[in-house]
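Colleague: Hello! I am new to this one, so could you walk me through it with a few questions and answers?

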Amino acid sequence: MRIGLAGAAAFVAMLAAPALAQTRADDALRCVGPDPDDKIVGCSALIAAGDKNPSDLAIVYYNRAGGHDAKKDSAAALADYTKAVELDPGDAETHVMRGWLYQRLGRRDDAIADYSRALALSPGGDQLYIVDAYFRRSELYAQKRLYRQALDDINRTIALKPSFDALAHNARA
């Protein structure tokens, strides 16, 4: 029995599908894992595959940014956080993480803008990253001598997370 070229290609694709699925699963595990190098490799492979919807792709870029950030590659981390924001501008957590990177890079106004955007996206949120956004933005406001705004953010931090009380009270001083 002869199998034509199309039949052979279909047969090879059928045999390769489980291996491809396994590779994708391995890449996904690497992408969400704790090792920065594995995270970068796994996420890069998922990005290269080109089969993710924008929301899922934003998560992959967010995760890869975390790998770059852990390796102190701020430029690559910033590029990936920015791509994640472009793909899913409504994700408050990504704005907070990019804001934290901006803050560490000394880009105060960019950090304040990202923290403010995150807070606008999740105004009643009590997730830790929202509490963190209020606290970190208060630090930036204090550095800019915008004490009223800094105090407002510290008070909001305490209201959302009373366990931050001692840290926030120190910041008030």
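Colleague: Thanks for putting it up. Where is Arg 145 placed?
Modeller: Keep in mind that this is a predicted model. Arg 145 is not a glycine, yet its phi is positive, at about 65°. Look past the end of helix H7 (128-143) and before the start of helix H8 (147-160): Arg 145 sits in the loop between H7 and H8.

Colleague: And is Arg 145 buried or exposed?
Modeller: Exposed means a relative accessible area over 50%. Arg 145 has 64% relative accessibility, so Arg 145 is exposed.

Colleague: Which other non-glycine residue has a positive phi of about 65°, and which loop is it found in?
Modeller: The residue is Lys 72, with a phi of about 65°. Lys 72 is exposed, with a relative accessible area of 70%. Its place is the loop between helix H3 (54-70) and helix H4 (74-87).

Colleague: Let's go back to H7 and H8. Are they roughly parallel or antiparallel?
Modeller: Their axes come within 8 Å and cross at roughly 160°. Angles over 145 degrees count as roughly antiparallel. H7 and H8 are therefore roughly antiparallel.

Colleague: Which residues of H8 make the contact with H7?
Modeller: H7 passes H8 in a left-handed crossing. On the H7 side, the contact is made by Ile 130, Val 131, Tyr 134, Phe 135, Arg 137, Ser 138, Tyr 141 and Ala 142. These residues of H7 meet, on the H8 side, Tyr 147, Gln 149, Ala 150, Asp 153, Ile 154, Arg 156, Thr 157 and Leu 160.

Colleague: How many residues of that contact of H7 with H8 are nonpolar?
Modeller: Three residues of the contact are charged and three are polar. The nonpolar ones number 10.

Colleague: Asp 153 is in that list. Is Asp 153 buried or exposed?
Modeller: Asp 153 is found in helix H8. Leaving out residues up to four places away in sequence, Asp 153 touches Tyr 134, Arg 137, Ser 138 and Tyr 141. Buried means under 20% relative accessible area. With a relative accessible area of 4%, Asp 153 is therefore buried.

Colleague: How many Å apart in space are Asp 153 and Tyr 141?
Modeller: Along the sequence, Asp 153 and Tyr 141 are 12 residues apart. In space, going from C-alpha to C-alpha, the distance is 8.9 Å.

Colleague: Which residues touch the most other members of the largest nonpolar core?
Modeller: In soluble globular proteins, nonpolar side chains tend to be buried together. Here the largest nonpolar core has 31 residues. The ones that touch the most other members are Val 60, Tyr 81, Tyr 115 and Ile 130.

Colleague: What does Ile 130 touch?
Modeller: Ile 130 is also one of the H7 residues in the contact with H8. Not counting residues up to four places away in sequence, Ile 130 touches Ala 92, Ala 118, Leu 119, Ser 122, Gly 125 and Leu 160.

Colleague: Ser 122 is among those. Is Ser 122 buried or exposed?
Modeller: Ser 122 lies in the loop between helix H6 (108-121) and H7. Beyond residues up to four places away in sequence, Ser 122 touches Ala 92, Gln 127 and Ile 130. At a relative accessible area of 13%, Ser 122 is buried.

Colleague: Last one, on the whole chain: how many helices are there?
Modeller: Of the 173 residues of the protein chain, 36% count as buried. From the N terminus on, the elements run α-α-α-α-α-α-α-α-α. That gives zero strands, and the number of helices is nine.

Terms used:
Residues are numbered from 1 along each chain as its sequence is written. This is a predicted model: local features need pLDDT of at least 70, side-chain atom pairs count only at pLDDT 80 or more; totals for chains, interfaces and linings use all residues. Side-chain values use heavy atoms; hydrogens and water are left out. Helices (H or I, at least four residues) and strands (E, at least two) are DSSP runs, numbered from the N terminus. Buried means under 20% relative accessible area, exposed over 50%, partly exposed in between (1.4 Å probe, protein chains only). Axes are lines fitted to C-alpha atoms, for helices over the stretch in contact, and angles run from 0 to 180 degrees between N-to-C directions. Angles under 35 degrees count as roughly parallel, over 145 as roughly antiparallel, 65 to 115 as roughly perpendicular and the rest as oblique. A crossing is left-handed if the near helix is turned anticlockwise from the far one by less than a right angle, and right-handed if clockwise. Contact means heavy atoms within 4.5 Å. Ala, Val, Leu, Ile, Met, Phe, Trp, Tyr, Cys and Pro count as nonpolar, Asp, Glu, Lys and Arg as charged, and the others, Gly among them, as polar. A nonpolar core is a set of buried Ala, Val, Leu, Ile, Met, Phe, Trp, Tyr and Cys residues joined through side-chain atoms within 4.5 Å.
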